Amino acid sequence: MELQEFLSSLEALTVDAEHKLSKVTDSASLEAMRVHFVGARSGQIKILQKQMGGLAAEDRKPAGIKFNEIKSRIQNALEQAETRLRSLSSTKQTGPMLDPTLPGIRQHLGRTHPITQTIEHLKEIMGRLGFSVVEGPEVEDTWHNFVALNIPEDHPARDPLDNFYLSVAGQTTFDSSADTACLLRSQTSTVQIRVMEEVRPPVRIISLGRVYRPDEADATHFPMFHQMEGLWIDQNVTMAQLKSVLRMFATSYLGADVHIRFRPSFFPFTEPSVEADFLWNDNWVEFGGAGMVDPNVLQAVGYDPEKVNGFAFGLGVERLCMRRHGVHDIRDLYRNDLRFLHQF
Ligand code: FA5
């Protein structure tokens, strides 16, 4: 082989290697090129090195100088390609690195509000005691909210400052004593009347729903809250049965070790009347009112008080829920703070 031809082969190999290595985009192809150009057994450099032995003795020196020069150019091109691929792979990484050993991120599922859960639970307990569930409207008239419940026109419970009366479209003057006056119901006792107007005795129902009062919010009061009304009308119903039902309910919902007490009280629609408290951290907390249905109420719905009697109760759902779940401020139930709500 002539020197000139050998030198041209060296140059052609170098140009080819530099071109291909400048274009390589993945490490597998780079490795294949390394084997092709500088592989120890049959790489192109090795082949040319062997051909050098066929040159005339005086040509070997310049051929050797050129050979070493192109060998280091090809090595350089390999190293540059390697560096370029490394930086390419680190800039390709978008977003955070995935660490499969980290604990997963829990996805929270929606669930029912604690008060809705409480309502379902109370229905279930009272169902076992033989009470069926009825519903009534939240917007009421004065007949169902007051008159039929033996709350006369001059009674302070009817004061516009203690109720959410609604103005009626077209009416310019507002009269809370008018038969047409409407209000957001202030108690679920309205449903007692609606049921007795429709059904003949015996009656054994509960009704759960929202009630509204312009009470200032504090740890145990809220302007909108829920009550569970209960009504049992039959022959010879006794106060002892009323107390037994409330005790059974309280121990079912709050636990066998709950202490409850009954205090004498007054409601226009029951006689005698009591208020019921549970003990919570050494404090008595009122959770409801109850009593034997007043004969005037039975008469107002067309029942004969000589033949039937019964008891009624109205319990605060929020306070029961709070005692069971250890919630110390009723406002927490309505802040819509998911950190609080997720606990239920
Ligand atoms: C009544 O509403 C009577 N209708 C209960 C009743 C029914 C008596 C049938 C006799 C026969 P009272 O206003 O006390 O009673 O309310 C009953 C319960 O509702 C209270 O014991 C309390 O647990 C709850 N409650 C009253 N006001 C609020 C309020 N602003 N926020 C939260 N809970 C309340």
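# A tour from Gln 192 outwards

Select Gln 192 and show what surrounds it: leaving aside neighbours within four places in sequence, Gln 192 is in contact with Leu 149, Glu 229, Leu 231 and Ala 312, where contact means heavy atoms within 4.5 Å. This is a predicted model, in which local features need pLDDT of at least 70 and side-chain atom pairs count only at pLDDT 80 or more, while totals for chains, interfaces and linings use all residues. Residues are numbered from 1 along each chain as its sequence is written, and side-chain values use heavy atoms, with hydrogens and water left out.

Gln 192 is buried, with a relative accessible area of 1%. Buried means under 20% relative accessible area, exposed means over 50%, and partly exposed is in between (1.4 Å probe, protein chains only). Gln 192 belongs to helix H7 (residues 189-198). Helices (H or I, at least four residues) and strands (E, at least two) are DSSP runs, numbered from the N terminus.

**The seven-stranded sheet**

Extend the selection to the whole of H7. H7 lies across E5, E6 and E10, and runs at about 40° to E6. For such angles, axes are lines fitted to C-alpha atoms, for helices over the stretch in contact, and the values run from 0 to 180 degrees between N-to-C directions.

Now colour the sheet beneath. Its 7 strands form an open sheet with mixed pairing, in the order E1-E5-E6-E10-E9-E8-E7. E1 and strand E7 (260-267) are the edges, each with a single partner strand, so one side of each has no neighbour in the sheet. Two strands pair if DSSP finds at least two bridges between them. Strands of a sheet pair through backbone hydrogen bonds, either parallel or antiparallel.

Go to the E1 edge. E1 and E5 pair in the parallel sense over 2 bridges; select Val 133 to find its bridge partner in E5, Ile 206. Next, select helix H5 (residues 114-128), which lies across E1, E5, strand E6 (224-234) and strand E10 (309-316). H5 runs at about 165° to E5.

**The three-stranded sheet**

Select residues 139-141, 164-166 and 182-184. The first two ranges are strands E2 and E3, and the last is strand E4. These 3 strands form an open, antiparallel sheet in the order E2-E4-E3. E2 and E3 are its edge strands, each pairing on one side only. On average, neighbouring strands of this sheet are turned by 40° against each other, direction ignored. Between E2 and E4 there are 3 bridges, and Val 139 stands opposite Leu 184 in E4.

**Salt bridges**

Show the charged side chains next. Side chains of opposite charge can pair when their charged atoms come close. The structure holds 19 salt bridges, each being a side-chain nitrogen of Lys or Arg within 4 Å of a carboxyl oxygen of Asp or Glu.

Begin beside E2, with Glu 138 and Arg 210. Their side chains meet in a salt bridge (3.3 Å, N to O). The pair links distant parts of the chain, 72 residues apart: Arg 210 is in strand E5 (residues 203-212), and Glu 138 is in the loop between strand E1 (132-133) and E2. Arg 210 is partly exposed at 37% relative accessible area, and Glu 138 is partly exposed at 27%.

Move to helix H1 (residues 3-23), where Asp 16 and Lys 20 are 4 residues apart, or about one helical turn. Their salt bridge has an N to O distance of 3.3 Å. Asp 16 is partly exposed at 29% relative accessibility, as is Lys 20 at 37%.

Then add Glu 18 and Arg 73. Their closest N and O atoms are 3.2 Å apart in a salt bridge. Arg 73 lies in helix H4 (residues 60-92) and Glu 18 in helix H1, so the pair ties together parts that are 55 residues apart in sequence. Which residues share a network of salt bridges with Glu 18 and Arg 73? Select Glu 11, Lys 66 and Glu 69 to complete that network.

**The whole chain**

Zoom out. The protein chain has 11 helices and 10 strands. The domain assignment, automatic or from a database, gives domain 1 (3-88) and domain 2 (114-136 + 196-341). Colour the two domains separately: their centres, taken over C-alpha atoms, are 94 Å apart.

The C-alpha trace spans about 140 × 55 × 35 Å along its principal axes. Buried residues make up 40% of the 344 residues.
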